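Trainee: Could you take me closely through the cavity in this model, and then set that one part in the context of the chain around it?

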Amino acid sequence: MKNVAILGSTGSIGRSTLDVIKQLGDEFRVISLAARSQIDRLVDQARDFSPVRLAVANPESERDVRSLLGENGCDIFSGTEALVELAKDPDADIVVNALVGAVGLRATLAALEAGKIVALANKESIVMAGVLVMQAVAESEGWLVPIDSEHSAVLQCLRGEDPTQVKQLLLTASGGPFLRRPIDSFASITPEEALKHPNWEMGPKITIDSATLMNKGLEVIEAHYLFDLPPEKIKVVVHPQSIVHSMVEFVDGSIKAQLSQPDMRVPIQYALTYPDRFQADFVSFDLSQIGSLEFEEPDIEKFKCLKLACQSLDQGNGYPTALNAANEIAVEAFLEKRIRFDQIAKLNESVLTAFNSPDSFDLDAVLQVDDWARQWCREQIKSINK
Ligand code: MG
């Protein structure tokens, strides 16, 4: 039996993970759950799955959980340090990191250092500190399996292949809700419109990133580090149906693809059971019902965030870190209606222009760059709103 720690259990990925574990039966058991603010939901999950440990964001939430749950043998912790503790908990075999944003990095590193299998949905960990994360993977007795559907697809396509025979990765992108919307109306896009993704049910941050195509840019960076491929071998292809989750082209002209319904439970289950496959009854998949699959080039002038992410990867060192941090602040400001949709890309562009990366890049430097870019972006947003 494998013990699973789920960091970010009340979000979309966390809930789908619990759904998968329920259906996998006795071989997987929830050992701990961590959530930030959805206390009622966390308490329901704790009643349902009887974890040994819980973590929440702050002491007030900790008190609330305690009074709702009573004393029933469950240890409850709070604060960001609690995430790290759950990540390296000796009782955990698999750590599902479904945290949103930069807060996930230390948990990813701690879990790897403790030799866990890390099922990673928190792509920001790799984007902000790809070198450090992959170094931790190399030194770890555990391993890192992506939950991101595109990277899960690439991992599956690469099974049994010689990495030197890869010509390029083809990361598919749905194109988001504004694929056909003219760029001159981007300024009037509301958060409500941007939160309606055509194919995937996801949390608000990643849904906005999917609407700007920043998500795909972050995924290019993620793929670069995960699969150790140069940026020029990673190509983005728009595929509005989100059925082909990504492809790998080999030197002989063959392309392998992984297809499934757009349901995150598929890559989540693969990450949990990797390298095995288990029976899953939650998805029926009939290609004849889907009919046609389309592919096209992305418009990187319209979706500038994709271009900026690729640019940051070329610039190297701390540039992806700075971009990721500024983007988090910009997306938050857009969701709170403090900036317009088109200003997300403008803020992201300006952070790359203003930033000077340090050459050495340890964890302290990563956190400093992350902090600097957040501050810088907040200042820019203040001056926009004056
Ligand atoms: Mg993805």
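Mentor: Before turning to the lining, a word on naming: helices are DSSP runs of H or I with at least four residues, strands are runs of E with at least two, and both are numbered from the N terminus. The model is a predicted one, and every value below is computed from it.

By the rule applied here, one cavity of 30 Å³ or more is found, and the largest cavity has a volume of about 40 Å³. Its lining consists of Ser 149, Ser 152, Ala 153, Gln 156, Trp 200, His 245, Gln 258, Ser 260, Gln 261, Asp 263, Val 266 and Pro 267. Sorted by character, the residues of this lining comprise four nonpolar, seven polar and one charged. Two helices, H7 (149-158) and H11 (265-273), each contribute at least two residues to the lining of the largest cavity, and the largest share, four residues, is supplied by H7.

From the lining one can move outward to the backbone of two loops. His 245 is one of the lining residues, and strand S10, which covers 244-250, is preceded by a loop that runs from strand S9 (234-238) and holds Ser 242. The phi of Ser 242 is near 50°, which is a positive value in a residue other than glycine. H11, one of the helices that supply the lining, is followed by a loop leading to helix H12 (287-290), and Pro 275 lies in that loop. The peptide bond joining Tyr 274 to Pro 275 is cis, and its omega is near 5°.

For the wider setting, the protein chain contains 16 helices and eleven strands, and its C-alpha trace spans about 55 × 55 × 40 Å along the principal axes. A compact globule of 386 residues would have a radius of gyration near 21 Å, and the 20 Å of the protein chain therefore agrees with that expectation.

A helix pair completes the picture. Helix H6 (residues 123-139) packs with helix H16 (residues 363-384) at an angle of about 180°, the axes being 10 Å apart. Because angles over 145 degrees count as roughly antiparallel, H6 is described as roughly antiparallel to H16. In this contact Met 128, Ala 129 and Leu 132 of H6 meet Leu 363, Val 366 and Asp 370 of H16, and the residues involved divide into five nonpolar, no polar and one charged.

Definitions and conventions: Residues numbered from 1 in each chain as written. Predicted model: local features only at pLDDT ≥ 70, side-chain atom pairs only at ≥ 80, totals over all residues. Heavy atoms only, no water. Axes fitted to C-alpha atoms, helices over the stretch in contact; angles between N-to-C directions. Parallel < 35°, antiparallel > 145°, perpendicular 65-115°, else oblique. Contact = heavy atoms within 4.5 Å. Nonpolar A, V, L, I, M, F, W, Y, C, P; charged D, E, K, R; others polar. 1 Å grid on protein atoms, 1.4 Å probe; cavity = no way out; pocket = protein on both sides within 12 Å on 5 of 7 lines; lining within 4 Å. Points joined across faces, edges and corners; volume = space filled by probe spheres on them. Rg over C-alpha atoms; globule rule 2.2 N^0.38 Å.
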